[in-house]
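Student: Could you walk me through how the strands are arranged in this structure?

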Amino acid sequence: MTIRVVLPHHLRTLAKVGDEVQLQVEGEITLRSVIDALEARYPALRGTIRDHGTQKRRAFVRFFACEQDLSHEPPDTPLPVAVATGAEPFFVVGAMAGG
Amino acid sequence: MSSVRVLVGTRKGAFILTSDGARRDWKINGPHFAGWEMYHLKGSPVDPNRIYASQTSDWFGQQIQRSDNAGKSWEPVGHEFVYDGVPGTHQWYDGTQHPWEFKRVWHLEPSLTDPDTVYAGAEDASLFRTTDAGKSWQELSGLRRAKGNLWQPGAGGMCLHTIVLDPTNPDRIFIAISAAGAFRTDDAGKTWQPINRGLKSPYELPDPDAEVGHCVHRIAMHPSRPGVLFMQKHWDVMRSNNAGDNWDEVSGNLPSDFGFPIDVHAHEPETIYVVPIKSDSEHFPPDGKLRVYRSRSGGNEWEGLTNGLPQSDCYVNVLRDAMAVDSLDDCGVYFGTTGGQVYASADGGDTWKPIVRDLPAVLSVEAQTLP
């Protein structure tokens, strides 16, 4: 299945990719399987979205899709059908920080 | 003709400043890694076009970048820093014990002999080493057995920020941690001992001359005299003549002995430089005058160097890794400020001028002297 992923600016420059990446993901389309596929294809992104050791989402990273905040969902939560079919992208977002 | 390359890490990217040996006209190249915190960049002494850089972000964590062509292009290399074994706990701000957690790399120190070997000083305080040009990093965990449970973070975090390699003895390394103190290994990192005898911290520690817990800000050494160390502590400028076994205060007539960086003239091992800061509560120069102080006697007698530096209304800070020297004749001295200026002196500190005035806050400055 082809999954569309939109990365925040700094991770695009780090992975040297454009606005959107397309990933081939096998099996169930979940937070974990999509990020596993993303890290496998772009090793520089390991540790940037999930902590190297714990595999927990980094504190200032958010996951959005289909106008839903999936950041606090368990990693094996299936992503919305629209993401799984490639109709909608999965967004990795840097959390807002203002001052 | 010789030339100089100055590597500048800032809160929002890295910059590479280059000049010929006259050091009058400079080219500014950057930002590299725009928007990222670039804690430190340093070139290999044996292959100066190989540069390692610590790239960090509160959002996205730690990256290490390596360039093999003097910063023209970069490649991300290994950035997984895993503590060896179960790291245990250290003192926390409230006096409780707190688990060791990796946050970032503050300082990269390439080997003096092998371009593929680099040491990395990390927060929470730990020392890592790569021997494959950054692909993988292993902790030298013997350091944490030097009473690591008693170490505690300073206000900036519990960071290992200083790594000094002995050019005459590959088994000897000095490191410094805020706020744990200075440590030395004589067996290439297997075992470490605190080297804090003579340091006094009456305002920071209940036992003012404790074995560990001192907030050491920076250590410098001249390569021709590796047993002589100079230290800028939180308060006090110190000197050791026996590789850290004992320290003596050499603050002398400084207007303030609080500060962050300290460095040694490239050709005069008794000439040292500090930048006095008013206090730990007010991180800016005394009286709004940015002055580098130079001692030609290895401490105690200091002269203020002001020519070309702002002498009114200046309230910047100069951080611990933000001073460096080149090895041309005369020795060049460089420092960067939290206001984004990088100042250079091509005459050992007698006169100064800014290379660049409006960078993001400067975290680190390193100078490379190129043939």
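The turns below look at two sheets and a helix.

Tutor: Happy to! This is a predicted model, in which local features need pLDDT of at least 70, side-chain atom pairs count only at pLDDT 80 or more, and totals for chains, interfaces and linings use all residues. Residues are numbered from 1 along each chain as its sequence is written, with chains lettered from A and ligands numbered from 1 in the order in which they are written.

Student: Which strands are at the edges of the open sheet of five strands in chain A, order β2-β1-β5-β3-β4?

Tutor: Strands are DSSP runs (E, at least two residues), numbered from the N terminus, and two of them pair if DSSP finds at least two bridges between them. An edge strand here has a single partner, so one side of it lacks a neighbour in the sheet. That describes β2 (20-24) and β4 (68-69) of chain A.

Student: Which residue is the bridge partner of V6(A) in β5(A)?

Tutor: Strand β1 (residues 2-6) of chain A runs parallel to β5 (residues 90-94) of chain A, and two bridges join them. In β5(A), V6(A) has as its partner F91(A).

Student: What is the order of the open sheet of four strands in chain B?

Tutor: Its pairing is antiparallel. For instance, three bridges join β23 (residues 272-277) to β24 (residues 292-295) in chain B, and V274(B) stands opposite Y293(B) of β24(B). The edge strands, each pairing on one side only, are β22 (258-264) and β25 (303-305) of chain B. The full order is β22-β23-β24-β25.
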